[in-house]
Amino acid sequence: MRSMMEKACFCFIIFVIHMWIWSLDPSDASASNRHLNIAHQQKHQIETMGIAKSTTVQKDAGSMDHDETIKNNTDTSQPDNTGELDQESLDALFPSFDTGMPSRQLPEKSRTAASMTVNGDLRNQTAYRLKKPHQFSKIKTDFNFNLSGRVSDNLSYVFGGRLSYDAVFDLTDNYNEGVESDQKKQTDLRDAYVDFSWGNAELRIGNQQIVWGEAVGLFFADIVNPNDLREYILPDLDQIRIPVPAINLEYYPGSLYLQFVFIPYPEFNEFGKQGSEFDFSRLIYEQNADIVMNEGHEPANSLDNSELGFRASKLMDGWDLSVFYLYDYYNFPVSYRYISFNPVGSSQPISITYQPEYERMHRFGHTFSKEYMDAVFKGEFIYNHEMFISSQNPADNDGIVRSDTFKWLLGVDYTFLNSLETNFQLLQEIILDYQADMTQKEYTTALSIWMKKEFFEDKIELELFMVSSLNQRDYLLRPKITYNHNDYLKIICGVDIFYGESDGDFGLFNENDRGYVEVLYTF
């Protein structure tokens, strides 16, 4: 990961440049935005009159105001779909706002310059292992804060950060020094950007989350941002997603929405160190061989290593359709494998050396959503050109085979009896140039289910999320109960249950079942 200082400097430089650009000819800037402001104000007036219902899902989970328009995949929670038809009609009139991205919210009375606002959340989650060794695995406190304001009608800013401290490393001796230094204390720059509106275009520059997918509880078409997987996929998805420094240009001619993304230097997934609670490398060390795991090196900060993407979307006859392309570094390192024979008399017959490297990828995708008879149908499709797949063939020089892959997801949201919110998703990955010695199956299929029911005037929420492989007995089960004390304070109790063989996505952590209590205060 790049240092927080590098990111802060990047965001500060961009802010200064924007201030300079804005000051060149403020009269022209104001004139050119009058028509855009009319559209902004009209949509805002419609929203404040209650015609369109918010489709946010993270406010109850403690997200900041400027991020309240992140779509469904920011959490396993689902929005109330009863108002989506009106929202769809509204977006047809004002398509520029349906970006699928964190976006600023307009002030209640006007879009003119206003004072700075501060919001965020303070949360503590304490988790305890349900299987041996029975021990605390997490006593973590997170402080998320967000500063936002508007300099003028066409220039606004957001600066957000996160401070984290996990007391489990001071109160127990459950983890080694490497894990402690990696996870005990963290200071992260989160969303930190400036927004500049001009004519039919909006420009966002700085650290940001760019959400392209609509899957519930999972990252599927959401491929722009890397993820912090040190707690696997258990935290809220907007907390897992790592903001990237980017230039994000949105243009909306008529009913068409166009987006161009340029990332000057790449970010990559974060993984738990060896010996951590969610150590992805544990299976590698169980082989009958001497294992050497070299450290992977991230590409240098250079425009030669920059990434770019493009997305276009359009609302047609109630269908929300989009296509996208991304040329980037794959967020997971490719572990090249090299085998050598040990001298006679060694404890193991061979040595296996793994050399992680980051490689380029071309990815093409399509998403859709459509409301029909009170249900919302969704789909996501991704074509990966020459994906890197591990091989079990010892004769393969580097243990990696390349093949195009195709991934698809079909889902539906539906509320039963006006009270039980549900989501069902079927997803599959297909290796198009399959070989028998690949470590992955030719067809990998999974099913996910999400349900939520509210009681006692929404004071109590019962929620269940499950995702299961259909190729083998391998699943993750996540029931939880939430007590909403008021608009600011909630208490969450739940369990995370992993099941399966060690070669499964969830069976790898079969011994990591946990129960947890979370206290969340938002401000």
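Biologist: What makes strand S16 and strand S17 a pair in this predicted model?

Modeller: Two strands pair if at least two bridges are found between them; S16 (residues 420-431) and S17 are joined by 11 bridges and run antiparallel, so they qualify as a pair. One of the bridges sets Glu429 opposite Thr444 in S17.

Biologist: How do you know that S17 also pairs with S18?

Modeller: The requirement is at least two bridges, and S17 and S18 have 10, in the antiparallel sense; the two strands therefore count as paired. Ile449 stands opposite Met466 of S18. The two strands form a hairpin with four residues between them, and Phe456 in that turn has a positive phi of about 50°.

Biologist: Why is the contact between Lys140 and Glu231 called a salt bridge?

Modeller: The cut-off is 4 Å between a side-chain nitrogen of Lys or Arg and a carboxyl oxygen of Asp or Glu. The N to O distance for Lys140 and Glu231 is 3.7 Å, so the pair satisfies the rule. By this rule the model has 21 salt bridges.

Biologist: What makes this pair a tie between separate parts of the chain?

Modeller: Lys140 belongs to strand S2 (residues 136-152), while Glu231 sits in the loop between strand S5 (201-208) and H7, so the pair joins parts that are 91 residues apart in sequence. Both residues also belong to a network of salt bridges with Lys138, Arg478, Asp496 and Arg514.

Biologist: Why are Lys140 and Glu231 called buried?

Modeller: Buried means under 20% relative accessible area. Lys140 has 13% and Glu231 has 14%, so each meets the condition.

Biologist: How do you know that Arg241 and Asp222 form a salt bridge, and are they buried or exposed?

Modeller: Their N to O distance is 2.7 Å, which is within the 4 Å limit, so the pair counts as a salt bridge. Relative accessible area is 1% for Arg241 and 4% for Asp222; both values are under 20%, and therefore both residues are buried. Arg241 lies in the loop between H7 and S6, and Asp222 in the loop between S5 and H7.

Biologist: Why is Tyr488 called partly exposed?

Modeller: Its relative accessible area is 48%. A residue is buried under 20% and exposed over 50%, so Tyr488 takes the class in between. Tyr488 lies in the loop between strand S19 (475-484) and strand S20 (489-499).

Biologist: What makes Tyr488 eligible for a nonpolar surface patch?

Modeller: Patch members need over 30% relative accessible area, and the 48% of Tyr488 satisfies that condition. The patch, of about 750 Å², also includes Met116, Val118, Leu122, Phe143, Leu163, Tyr521 and Phe523. Its largest share, three residues, comes from strand S1 (residues 114-129). Val118 is found in S1 and, leaving aside residues up to four places away in sequence, touches Asn146, Leu147 and Phe523.

Biologist: Why is Asn384 called buried, and which residues does it contact?

Modeller: Asn384 has a relative accessible area of 3%, which is under 20%, so the residue is buried. Asn384 lies in strand S14 (residues 375-390). Beyond neighbours within four places in sequence, its contacts are Met361, His362, Arg363, Ser403, Asp404, Thr405 and Lys407.

Biologist: Which members of the largest nonpolar core touch the most other members?

Modeller: Of its 35 residues, these are Trp212, Tyr232, Ile233, Leu476 and Phe498. A second, separate core of 11 residues includes Val334, Ile389, Ile400 and Val401.

Terms used: Residues numbered from 1 in each chain as written. Predicted model: local features only at pLDDT ≥ 70, side-chain atom pairs only at ≥ 80, totals over all residues. Heavy atoms only, no water. Patch = residues over 30% accessible without salt bridge, like charges linked within 9 Å, V, L, I, M, F, W, Y side chains within 5 Å. Areas by Shrake-Rupley, 256 points an atom, 1.4 Å probe, with all protein chains shown as cover. Buried < 20%, exposed > 50% of the residue type's maximum accessible area, 1.4 Å probe, protein only. Contact = heavy atoms within 4.5 Å. Core = buried A, V, L, I, M, F, W, Y, C linked by side-chain atoms within 4.5 Å.
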